[in-house]
Amino acid sequence: MRVKICGITKLEQGNAIAQLGATTLGFICVPSSPRYVTVEKISAVIQGLDHKVDCIGVFADTTVAEICQTVTATGLRGVQLHGNESPEFCQQLRQSLPEREIIKALRVRTAQCLTNSESYANSVDMLLLDAYHPTQLGGTGKTLDWATLKNYKPCLPWLLAGGLTPDNIVDALSLLQPDGIDLSSGVERSPGDKDLDKVAQLFTQLKENYCLNY
Ligand SMILES: O=C(O)c1ccccc1N[C@@H]1O[C@H](COP(=O)(O)O)[C@@H](O)[C@H]1O
């Protein structure tokens, strides 16, 4: 299972989190976020990583040109679109970045959002389901109503996000079978400052309950 830890701002934390077992690190490229990291910072972290781990940039409602510039300058392996990007926008991005993974985040407000997810089937590689918040795009710590996702049959591999913590991950995964999970505020001391004890607890839970080989 893919385990993405998002909101990395420090090299030493990125390395420690990769060593603990994360398959993917996320960097917030949304300037309004308290977890925002500059192109220079992302490049420095990626160059300094001594573990093999996927690095994904998180963007929201920006231009294809800006995403391409950031990806090219940093060496990010993929892009997570966390705003209101349309399938047509994702398609354009795919044409500009054919070698990079594209993850479309859907902030699930109603069951209709899940039906609409079908329209991304040909334009992205993976979906991410996050909780809806009226004023914040992400990193809210708010959980989805997992029960409503029980019958969701996605058209693509998908990541479960939204308010996941070492304390609730087993409950979430006993109800749902996503292809991966994504955690941010549930494993940090303050925005952008990851709590390595909580990350370690997360992997202990995953190993004990799902026999994962980390
Ligand atoms: O973390 C942020 O600040 C952020 C800002 C803008 C878009 C997305 C953001 N984070 C994403 O939010 C989800 C869930 O976070 P949490 O676990 O509920 O804190 C995660 O996918 C982050 O990539």
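## Buried residues, ligand surroundings and two helix faces

Arg35 is buried, with a relative accessible area of 6%. In this predicted model, Arg35 sits in the loop that runs between strand S2 (24-28) and helix H2 (39-48). Neighbours within four places in sequence aside, the residues in contact with Arg35 are Gly7, Thr9, Ile28, Gly138, Gly139, Ser184, Ser185, Glu188, Pro191 and Gly192.

Arg35 also belongs to the surroundings of the ligand. There are 22 residues around the ligand, and the closest are Ser33, Arg35, Gly139, Asp182 and Ser185. Two of these names, Gly139 and Ser185, also appear among the contacts of Arg35. The side chains of Ser33, Asp182 and Ser185 each place a polar atom at a short listed distance from a ligand oxygen, as the table sets out.

| Side chain | Ligand atom | Distance |
|---|---|---|
| Ser33, polar atom | oxygen | 2.6 Å |
| Asp182, N or O atom | oxygen | 2.5 Å |
| Ser185, N or O atom | oxygen | 2.5 Å |

The ligand taken alone exposes 520 Å², of which the protein buries 98%.

Helix H2 follows the loop that holds Arg35. Which residues of H2 are buried? They are Ile42, Ser43, Val45 and Ile46. These residues cover an arc of only 165° around the axis, and therefore lie on the same side of H2. The spacing fits a general rule: an α-helix has 3.6 residues a turn, so residues three or four places apart point the same way. Helix H1 (11-20), S2, strand S3 (54-59) and H3 are the elements against which the buried residues of H2 pack. On the face of H2 turned away from the buried side are the exposed residues Glu40 and Gln47.

Helix H4 (residues 87-96) can be described in the same terms. Its buried residues are Pro87, Phe89, Cys90 and Leu93. Viewed down the axis of H4, they fall within an arc of 155°, so they line one face of the helix. The cover over the buried residues of H4 includes helix H3 (64-74), strand S4 (78-81) and strand S5 (101-108). The face of H4 turned away from its buried side carries Glu88 and Gln95, both exposed. H3 thus takes part in covering the buried residues of H4, and the buried residues of H2 pack against H3 as well.

Strand S5 contains Lys104. Is Lys104 buried or exposed? Lys104 is buried, with a relative accessible area of 1%. Its side chain makes a polar contact of 3.1 Å with the side chain of Glu85. Apart from neighbours within four places in sequence, Lys104 is in contact with Leu81, Gly83, Glu85, Cys90, Tyr120, Val124, Met126, Leu127 and Leu128. One of these, Cys90, is a buried residue of H4.

Asn209 is found in helix H7 (residues 196-210). Asn209 is partly exposed, with a relative accessible area of 37%. A polar atom of the Asn209 side chain lies 2.9 Å from the backbone oxygen of Gln205. Between the C-alpha atoms of Asn209 and Phe27 the separation is 28 Å, and the two residues are 182 residues apart along the chain.

As for confidence, the protein has an average pLDDT of 95, and 98% of the residues score at least 70. For the complex, the predictor gives an ipTM of 0.98 and a pTM of 0.95.

Methods
Residues numbered from 1 in each chain as written. Predicted model: local features only at pLDDT ≥ 70, side-chain atom pairs only at ≥ 80, totals over all residues. Heavy atoms only, no water. Buried < 20%, exposed > 50% of the residue type's maximum accessible area, 1.4 Å probe, protein only. Helix = DSSP H or I, 4+ residues; strand = E, 2+ residues; numbered from the N terminus. Arc of directions from axis to C-beta. Contact = heavy atoms within 4.5 Å. Near = heavy atom within 4 Å. Polar contact = N/O pair within 3.5 Å; in protein donor to acceptor, adjacent residues only side chain to side chain. Areas by Shrake-Rupley, 256 points an atom, 1.4 Å probe, with all protein chains shown as cover. pLDDT = per-residue confidence, 0-100.
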